[in-house]
Amino acid sequence: MKERLLTGDRATGSTFPIAAYVGTLKNRIERQEDYDTFIFIADYHALTTHFDNVSQIKENSLGLMKTYLSLGLDPEYVTFYRQSRIPQIYRLHVILSMLTKMPELERQPMLKEKLGLGYKLTYGLMGYPILMASDILIMNSDLVPVGKDNEANVEIASDLAIRFNSIYGKVFNIPKGLIGDVVVGLDGQGKSGKSTGGIYFTDDTATVKKKIMSMYTDPNRIHPNDPGKVEGNPVFIYHDYFNTNLEEVADLKERYQKGTVGDVEVKTKLFEAIEEFLKPIRAKRAEIDAKGDQFIIDILEKGEKNAQKVASETEAKILSAMGF
Ligand code: TRP
């Protein structure tokens, strides 16, 4: 039997930044055939920060699904579903919340980040990792590809699985994270995310060009013949992730450090590399858009049948272990 790979995305935007490719999308695309792959739209999870802004949830869910498919995630291998359609997740959330100690939630690094972005400290936001643990454990997941910013949440899920098993008897697998890098924004600040900015899979050529040409570089370099810094320079960070021409990148870095290449050339080369990366994805997206929303809903409904079956089997084990 194949091990299960599971991951999800909050429905807080209708499209992904290309940064998410580095964080988790690439890891799942490469492994979809080798694992029993479950990918879900975390639509209830979106409420942890967007409870007062739900009008976009449906559109966001469809948009994320279209991006998955245009990147090559394939319903033949992947069980796609909406979190809101799997009620066993919320019932497990109640149980796991009883086993979670407040300090575990208080020290989660993601909470600080979200509060820093101005989101309110609700009971739901505090419990974000418990909901995530419920997502992971109800499907008996083995491997969870996420970005570095979610690493601590996967650890909480493992801790809760171990705790539950030791109190009530073995029900859960102990999930492991598969951690990808978090990529900075185009200004070199924070992370590039669905709602925090970046280059998006759905950006057209003119938009990509505009965004790259106004990216931040080395702030201390004033003239093209000043030696510049490559480390921490957003333009080179993106080159390293998206330019497959390694010789070109090495050459640009060398000349940049010597002060023999201007920002415009470095950015133009990055623009060309990213366009190359986006071209096939855009073509696939156009095909998917032409099929209409019902095509997406059908894929979700089919996946939801499978996900509900797995979730109810796990729930039966949970209730039996607890003697309910
Ligand atoms: N926390 C993830 C994010 O930052 C989304 C998510 C919710 C998730 N539940 C999950 C990821 C379970 C992996 C497994 O978007």
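**Figure 1. K58 in helix α3 of the predicted model****.** The relative accessible area of K58 is 60%, so this residue counts as exposed, the cut-off being over 50%. K58 belongs to helix α3, which covers residues 57–70. A second residue, G198, is 140 residues away from K58 in sequence, and their C-alpha atoms are 22 Å apart in space.

**Figure 2. Domain 1 and domain 2****.** The domain assignment of the protein gives domain 1 as 4–184 + 292–322 and domain 2 as 205–284. Between the C-alpha centres of the two domains the distance is 34 Å. Contacts link 11 residues of domain 1 with 9 residues of domain 2. The size of an interface is often given as the accessible area lost when the parts come together. For domain 1 and domain 2, the buried area is about 910 Å², and carbon and sulfur atoms give 77% of it. I18, S70 and V184 supply 52% of the area that domain 1 buries against domain 2, more than any other three residues.

**Figure 3. The largest nonpolar core****.** This core has 49 residues. Those with the most contacts inside it are I18, L25, Y68, F80, F201, Y238 and I274. Helix α13, residues 263–291, gives the most to the core, with 8 residues. The core lies between domain 1 and domain 2, because both domains give residues to it. Another core, of 41 residues, lies apart from the largest one; L125, M126, I138 and I156 are among its residues. In soluble globular proteins, nonpolar side chains tend to be buried together.

**Figure 4. Surroundings of Y238****.** Y238 is one of the residues with the most contacts inside the largest nonpolar core. Which residues are in contact with Y238, leaving aside its neighbours within four places in sequence? They are I18, A19, V183, V184, G185, L186, S192, M215, N243 and L270. Of these contacts, I18 is also listed with Y238 among the residues with the most contacts inside the core. I18 and V184 appear again in the trio, with S70, that supplies 52% of the area domain 1 buries against domain 2.

**Figure 5. The unit formed by β4, α9 and β5****.** Strand β4 (residues 143–147) pairs with strand β5 (residues 176–180) in the parallel sense, over 5 bridges. One of the bridge partners is G177 in β5, opposite V144. Helix α9 (residues 151–168) joins β4 and β5 in a right-handed β-α-β unit.

Methods:
Residues numbered from 1 in each chain as written. Predicted model: local features only at pLDDT ≥ 70, side-chain atom pairs only at ≥ 80, totals over all residues. Heavy atoms only, no water. Core = buried A, V, L, I, M, F, W, Y, C linked by side-chain atoms within 4.5 Å. Buried < 20%, exposed > 50% of the residue type's maximum accessible area, 1.4 Å probe, protein only. Helix = DSSP H or I, 4+ residues; strand = E, 2+ residues; numbered from the N terminus. Domains from an automatic or database assignment. Contact = heavy atoms within 4.5 Å. Pairing = 2+ DSSP bridges. Right-handed = clockwise from strand over helix to strand, strands pointing away. Buried area = accessible area lost by both parts, 1.4 Å probe.
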